[in-house]
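Trainee: I keep meeting terms that sound obvious until I try to apply them. Can we go through some on a real example?

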Amino acid sequence: MKATVIGCGISGLCSGIRLLEADFDVQIIAKELPPNTTSDVAAAIWYPYRCYPEEKALHWGKQTLETCYELTKAPDTGVSIVQFTEYLPEPSPDPWWKNAVKQFRRVKPENLPEIYRDGYFFEVPFIDSRLHMPWLMERFKNLGGTIRKAEAEDFEEIGSESEIIVNCAGIGADKLANDKTFYPVKGQSVWVEGKYNGAYYLDQHGKLSLCYVLPRSQDIVLGGTAVEHDATVDPEEEITDQIIQKARQLDPSLHIDKIKHVAAGLRPARPEVRLEAEQKHGRTIIHNYGHGGAGYTLCWGCADEVVELVKKTLIE
Ligand SMILES: Cc1cc2nc3c(=O)[nH]c(=O)nc-3n(C[C@H](O)[C@H](O)[C@H](O)COP(=O)(O)OP(=O)(O)OC[C@H]3O[C@@H](n4cnc5c(N)ncnc54)[C@H](O)[C@@H]3O)c2cc1C
């Protein structure tokens, strides 16, 4: 049976791969292909940031974690497992996602930087999108999938030969689905070359928020920002300076030789991830969008559910 996936970001590729593995005949149609999607701009660490509802995000996130651990065993996937540290301005209860991750423990008070009063370490997947997105495209094609660059104007016209349409259009999904609850959250990151102690940090509630430092094999990702309802995708110079300043405060061991790249993207946010089936124009549309700041964190769990939803609608 034919299925058309709209979108070639992390959600579209994972959904496409899972559908091919379930013996569907799958094509992806996308306005932009990697490296020009929001997914290519992501940091991209496993962390349930701005994604709801928590209960479902936890379920999808756990499944994604399991798949990411598997992917570290294969070569060239760009997925590695790292020890991540989140610092907090006040003593805080355990986070709602604590049971999903391995090796969760508190930072000892004597090891906290001066501006923080709490913090935890935990083990998570870190995904090098420069390697992972091409790897996913290759896997999708090797399984027999095809990819076409085109814009969908609506669900009626696109993929007319397919009985199943999967809407993974990210920030483009609101227009396609006429979704009034959808809003962009602009984020900017800076990729630098330099010397650094190699630790992975996040502050999303404290004085430096939002600040992350994520070393990769050949560079270090610094971030970031989260500006709700800002739909512009141009990076801002002033913000680049602020991001670098905050990263240096978070870890003074950071020495920057060169700014390699600066980019901004729009997190596709909504009160809840939309993962559900809809009957329209005599076809089944599976919506899989609105992952906010957690597209990489939820991708495989959501892709598995896409397949479950497709199978369920076929039985009904
Ligand atoms: C700065 C930044 C840092 C981030 N860091 C992290 C992180 O550390 N961890 C994490 O989990 N997440 C992170 N995110 C969030 C993550 O990037 C998103 O949740 C994720 O990329 C969404 O993926 P997607 O596949 O749904 O959408 P996208 O990657 O936006 O892909 C959408 C696809 O649909 C296509 N499309 C859109 N409209 C149409 C149309 N009408 N017709 C055809 N094709 C269409 C697009 O061209 C594209 O191919 C970050 C985001 C930003 C901006």
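Mentor: Sure, and keep in mind that this is a predicted model. Let's start with a term: a polar contact is a pair of N or O atoms within 3.5 Å.

Trainee: What makes the pair formed by Ala43 and the ligand a polar contact?

Mentor: A polar backbone atom of Ala43 and a nitrogen atom of the ligand are 3.2 Å apart. The cut-off is 3.5 Å, so the pair counts as a polar contact.

Trainee: And how do you know that Thr38 and Gly295 make polar contacts with the ligand?

Mentor: Same test. For Thr38, a polar side-chain atom lies 3.1 Å from an oxygen atom of the ligand. For Gly295, a backbone N or O atom lies 2.9 Å from an oxygen atom of the ligand. Both values fall within 3.5 Å, so both pairs pass. As for cover, the ligand taken alone exposes 1000 Å², and the protein buries 95% of that.

Trainee: Which elements give two or more residues to the shell around the ligand?

Mentor: Among them are helix 1 (10–21), strand 2 (25–30) and helix 7 (295–315). In total, 38 residues surround the ligand, and Glu32, Ser39, Ile45, Ala152 and Gly292 are the closest. By type, the shell divides into 18 nonpolar, 16 polar and four charged residues.

Trainee: Now Leu112. Why is Leu112 called buried?

Mentor: Its relative accessible area is 14%. Buried means under 20%, so Leu112 qualifies.

Trainee: Where does Leu112 lie, and which residues is Leu112 in contact with, leaving aside its neighbours within four places in sequence?

Mentor: Leu112 lies in the loop between strand 4 (102–106) and strand 5 (118–127). With those neighbours left aside, Leu112 is in contact with Tyr87, Val107, Arg117, Asp118 and Gly119.

Trainee: What makes a group of residues a nonpolar core?

Mentor: The members are buried nonpolar residues joined through side-chain atoms within 4.5 Å. The largest one here has 43 residues, and Leu13, Leu275 and Ile286 are among those that touch the most other members. Helix 7 gives this core its largest share, 10 residues.

Trainee: Which residues does Ile286 contact beyond its neighbours within four places in sequence?

Mentor: Its contacts include Ile164, Val166, Leu275, Val306 and Val310. There is also a second, separate core of 27 residues, including Tyr69, Val82, Tyr200 and Leu214.

Trainee: What do nonpolar side chains tend to do in soluble globular proteins?

Mentor: They tend to be buried together.

Definitions and conventions: Residues are numbered from 1 along each chain as its sequence is written. This is a predicted model: local features need pLDDT of at least 70, side-chain atom pairs count only at pLDDT 80 or more; totals for chains, interfaces and linings use all residues. Side-chain values use heavy atoms; hydrogens and water are left out. A residue is near a molecule or strand if one of its heavy atoms lies within 4 Å of it. A polar contact is a pair of N or O atoms within 3.5 Å; within protein, one must be able to donate a hydrogen and the other to accept it, and residues adjacent in sequence count only if both atoms are side-chain atoms. Accessible areas come from the Shrake-Rupley method with a 1.4 Å probe; for residues, only the protein chains shown count as cover. Helices (H or I, at least four residues) and strands (E, at least two) are DSSP runs, numbered from the N terminus. Ala, Val, Leu, Ile, Met, Phe, Trp, Tyr, Cys and Pro count as nonpolar, Asp, Glu, Lys and Arg as charged, and the others, Gly among them, as polar. Buried means under 20% relative accessible area, exposed over 50%, partly exposed in between (1.4 Å probe, protein chains only). Contact means heavy atoms within 4.5 Å.
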